[in-house]
Amino acid sequence: MKRRYVLGMAMLTMTAALGMGTVASAEGSGLIGVCMQNMSSSISELEAEALTEMFEPLGYDVQVVSADDSVSTQTQQIQNFSLMEAEMIVVLPCEIETLEDVLLEAREYGAKIVISGGTGSISEDCYDAVSADDEYMIGMYVASITKTWVEENMDPDGDWDVAFLSSTISDDAKSRCAGEAQIIEPYLKNEDGEYVNLVGDVVDEADKVENPVYCEMIAERVESLDGSTTEMDISGDNRSVVAGVLTDNPDVRVIIGYNSLVSTAGSQYIMDTYSEEEQAEFAFFSAGVMGDEYEYLIGSVSDEAGTASVFRGACQFGGGDAATTLANLAYAVMFGEEGVDYGKSNPNSIGLYYPIEAEQNDGVAELVFFDSESQIVAYTYDEVLSQDGLTVYWDSANGYNENALESEDETEAAADAEAVEGMNAYLCEYEGGLGTETLEFDLYDDGTCQFYLPGSEMVTDVYGGTWTQDGDTVTVTGLANVDTSSEYAVPGLWSFIDSESGDCVITVDEEAGTFTPQE
């Protein structure tokens, strides 16, 4: 039920960026298959939208399917696209090593193959190009951001601990988590555990160099990495995982996660569970492509904007826009001149995001970001603010930087959403436990309704119930999670909804399309 809004995107020929020759005519009417690992992560949705925006105007039929994290399902989907004679198949893989045979088969059928993510040990014969990320480097940048915040904000003598939320679902996931774990290594190492210098050359132990992401305050609180690490679900919201970690060790205050979905969801758990004074003690760090995560990063340093959170910093693979990068690469593969090598591997840049407290920046709180260098540097906040190419996404003095925004404001987008026949949608700007939220009730002519927080990557639950109306007063009965397996059976975040029955009363404004809760 959650609405999505397509990002506007200018189509690029990539001639200069990828060193191609003349680009062939961008016309066609064939099939492009897009095989996503799942559609619950922001990267999947953004990439699907970018590919659709790129190719549908050219006459292509872009079909997006989700494997729902199943290797066997994804294998069958690729086979189906091969039999349908797809001209191109774009894959965000569940487990790339398991797809080698089916990708080779797809190329034999004539499909061009583009992969989003690492290719592990599979043969280059399996694909035409890959939009790749250095997952180990991404993890080390997460460590760098964590180090910066911890050394500025945490008490070195305080009674607090650290936890790692990691994933072993794939080699790429293991690499990123290994990079994050370098925060406890005094000397710089590569993914294989060998000593390296700052440009990545292997060196003898005698020539080892200090690790710029090493944080003594973290390392001294980690007796063993295994003992401080918990496996997380890379496509779930992980609130129960965070709750379990804090139950097992109530002293945990710094949490380093695999992806930003766990940081936003974990933040929600903290905001729901702990007092305002205690919330200030917590910090989440992770990597990912930012969707609503921008709002939570802003909310960690602002009482006036964003969504209240303890998400203190993030590393973004793909730099500013990984989805557009993938779409441009797919365009280059589809229309590149015959015989011209556009590159099997096309590494993405890495963007670093720092929410900076007002007291560190002349009284102005900011969310700033910049693309990384090719080597790790442990940035202080002073160094961050003096970076060449620093971009301010938001600041407390001027608000949002319109030039840096990737999509239209979600509140305006929700209000402008196309009407659905037989349904009236009502919005409400609500001051709740997560800050200012846009709530939505969809009232259907058949007497059923749905309630949710539109446009949120974090609060993904949708609740259904029934309704009756008397004038402008609407009585809603029995709101319950449409996902019967969810542990959050009844909406419990909003005070105007009874947390046991799911009942509430709202006043609707038909003309404005808004509602007001009756507390």
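Biologist: Where is Asp68 found, in terms of strand and helix?
Modeller: Asp68 sits in the loop between strand E2 (61-66) and helix H3 (71-83). Helices (H or I, at least four residues) and strands (E, at least two) are DSSP runs, numbered from the N terminus. Before we go on, this is a predicted model, with residues numbered from 1 along each chain as its sequence is written. Local features need pLDDT of at least 70 and side-chain atom pairs count only at pLDDT 80 or more, while totals for chains, interfaces and linings use all residues, and side-chain values use heavy atoms, with hydrogens and water left out.

Biologist: Why is Asp68 called exposed?
Modeller: Its relative accessible area is 59%. Exposed means over 50%, buried under 20%, and partly exposed in between (1.4 Å probe, protein chains only). Asp68 is therefore exposed. Its phi is positive, about 50°, although Asp68 is not a glycine.

Biologist: And what makes Glu85 exposed?
Modeller: At 62% relative accessible area, Glu85 is over the cut-off for exposed, so the label holds. Glu85 is found in the loop between H3 and strand E3 (88-91). Like a few words ago, we have a non-glycine with a positive phi, here about 60°.

Biologist: What makes Lys147 and Glu151 a salt bridge?
Modeller: Their closest N and O atoms are 3.0 Å apart. A salt bridge is a side-chain nitrogen of Lys or Arg within 4 Å of a carboxyl oxygen of Asp or Glu, so this pair qualifies. Both residues lie in helix H5 (residues 135-153), 4 residues apart, about one turn of the helix.

Biologist: How do you know which class of accessibility Lys147 and Glu151 fall in?
Modeller: Lys147 has 13% relative accessibility, so Lys147 counts as buried. Glu151 has 42%, so Glu151 counts as partly exposed.

Biologist: How many salt bridges are there by this rule?
Modeller: The count comes to 7. Among them is Lys189 with Glu185, whose closest N and O atoms are 3.3 Å apart. Glu185 is partly exposed, with a relative accessible area of 24%.

Biologist: Why does Arg253 with Glu281 count as a salt bridge?
Modeller: The closest N and O atoms are 2.9 Å apart, so the pair meets the distance rule. This pair links distant parts of the chain, 28 residues apart: Arg253 is in strand E8 (residues 252-259), and Glu281 is in the loop between helix H10 (276-279) and strand E9 (283-287). Arg253 is buried at 12% relative accessibility, whereas Glu281 is partly exposed at 35%.

Biologist: Why does Arg312 have no salt bridge?
Modeller: The nearest side chain of opposite charge, Glu357, is 4.4 Å away, so Arg312 fails the distance rule. For charge, Lys and Arg count as positive and Asp and Glu as negative; His and the chain ends are not counted. Arg312 is buried all the same, and lies in strand E10 (residues 311-317).

Biologist: What lies 2.9 Å from a polar atom of the Arg312 side chain?
Modeller: The backbone oxygen of Phe282 does. Phe282 is also one of the contacts of Arg312 outside four places in sequence, a list including Trp149, Leu297, Pro355 and Glu357. Contact means heavy atoms within 4.5 Å.

Biologist: How do you know that Val508 is buried?
Modeller: Val508 has a relative accessible area of 4%, so it falls under the buried cut-off. It is found in strand E21 (residues 504-509). Leaving aside neighbours within four places in sequence, Val508 is in contact with Tyr426, Gln469, Asp472, Val474, Thr514 and Phe515. Val508 and Cys428 are 80 residues apart in sequence and 9.7 Å apart in space, C-alpha to C-alpha.

Biologist: What makes a set of residues a nonpolar core?
Modeller: The members are buried Ala, Val, Leu, Ile, Met, Phe, Trp, Tyr and Cys residues, joined through side-chain atoms within 4.5 Å. In soluble globular proteins, nonpolar side chains tend to be buried together. The largest core here has 69 residues, and those with the most contacts inside it include Phe55, Cys315 and Tyr354. Apart from it lies another core, of 37 residues, among them Met232 and Tyr296.

Biologist: How many helices and strands does the protein have, and what share of its residues is buried?
Modeller: There are 14 helices and 22 strands. Buried residues make up 54% of the 519.

Definitions and conventions:
A polar contact is a pair of N or O atoms within 3.5 Å; within protein, one must be able to donate a hydrogen and the other to accept it, and residues adjacent in sequence count only if both atoms are side-chain atoms.
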